[in-house]
Amino acid sequence: LGMVIYGNQAGVVMGIKLAGPISASVWQPSQPIITAAISMMTGMEPWDLKRILGILLAFSGCAIMVLWSSTEAVNIQQLEE
């Protein structure tokens, strides 16, 4: 179990280094969204309008966060030049 936890944390650190902090900050809250979607697709959870709307709302929040922070990063780079 200790090696699995170590491998998980090493993967997180490498992922942040390769992808950047914005992508990493979006990935963490998106994991429950992906888990809920997969469990509904495999039949482990029933399809429900509230769950589908929750997944879509959470996904759109992550997408807005990525798009908004990427445009701010471009604006900051333009200010530094």
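What share of the 81 residues of the protein counts as buried? In this predicted model, the figure is 11% of the residues. The architecture in which these residues are set consists of three helices and zero strands, and the order along the sequence is α-α-α.

The description may begin with helix H1, which covers residues 2-19. At 1.5 Å a residue, the 18 residues of H1 should span 26 Å, and the C-alpha atoms at its ends are 25 Å apart, so the expected and computed values agree. Within H1 lies Val13. The relative accessibility of Val13 is 54%, and the residue counts as exposed because the threshold for that class is over 50%. In space, the C-alpha atom of Val13 is 9.5 Å from that of Ala24, a residue eleven positions away in sequence. Just after H1 comes Gly20, whose phi is positive, at about 105°.

Helix H2 follows, comprising residues 21-41. H1 and H2 each give two or more residues to the lining of one feature, the largest pocket. This pocket holds about 180 Å³ of space. Its lining is formed by Asn8, Val12, Gly15, Ile16, Ala19, Ser23, Ala24, Trp27, Gln28 and Gln31. Ala24 thus appears both in this lining and in the C-alpha pair with Val13 described above.

A second feature to consider is the largest nonpolar core. In soluble globular proteins, nonpolar side chains tend to be buried together. Here the largest such core has five residues, namely Val26, Ile33, Met40, Ile55 and Cys62. Two elements, H2 and helix H3 (49-80), each supply two or more of these residues. The largest share, three residues, is that of H2. The contacts of Cys62 illustrate the arrangement: apart from neighbours within four places in sequence, Cys62 is in contact with Val26, Ser30 and Ile33. Of these partners, Val26 and Ile33 are also members of the core.

Met40, another core residue, is placed in helix H2. Its relative accessible area is 4%, and Met40 is therefore buried, the limit being under 20%. With neighbours within four places in sequence left aside, the contacts of Met40 are Glu45, Pro46, Trp47, Arg51, Ile52 and Ile55. Among them, Ile52 is twelve residues away along the chain, and its C-alpha atom is separated from that of Met40 by 9.2 Å. Ile55, also in this list of contacts, is itself part of the core.

Beside Met40 in the sequence is Ser39, likewise found in H2. Is Ser39 buried or exposed? Its relative accessibility is 14%, and Ser39 counts as buried because this value is under 20%. A polar atom of the Ser39 side chain lies 2.9 Å from the backbone oxygen of Ala36. Residues up to four places away in sequence not being counted, Ser39 touches Met44 and Glu45. Glu45 is therefore a contact of Ser39 and is listed among those of Met40 as well.

Methods: Residues are numbered from 1 along each chain as its sequence is written. This is a predicted model: local features need pLDDT of at least 70, side-chain atom pairs count only at pLDDT 80 or more; totals for chains, interfaces and linings use all residues. Side-chain values use heavy atoms; hydrogens and water are left out. Helices (H or I, at least four residues) and strands (E, at least two) are DSSP runs, numbered from the N terminus. Buried means under 20% relative accessible area, exposed over 50%, partly exposed in between (1.4 Å probe, protein chains only). A polar contact is a pair of N or O atoms within 3.5 Å; within protein, one must be able to donate a hydrogen and the other to accept it, and residues adjacent in sequence count only if both atoms are side-chain atoms. Contact means heavy atoms within 4.5 Å. The expected span of a helix is 1.5 Å times one less than its number of residues. A nonpolar core is a set of buried Ala, Val, Leu, Ile, Met, Phe, Trp, Tyr and Cys residues joined through side-chain atoms within 4.5 Å. On a 1 Å grid over the protein atoms alone, a cavity is a set of points where a 1.4 Å probe fits but cannot get out, and a pocket is an open set with protein on both sides within 12 Å along at least five of seven lines; lining residues have an atom within 4 Å of a point. Grid points are joined across faces, edges and corners, and a volume is the space filled by probe spheres set on the points.
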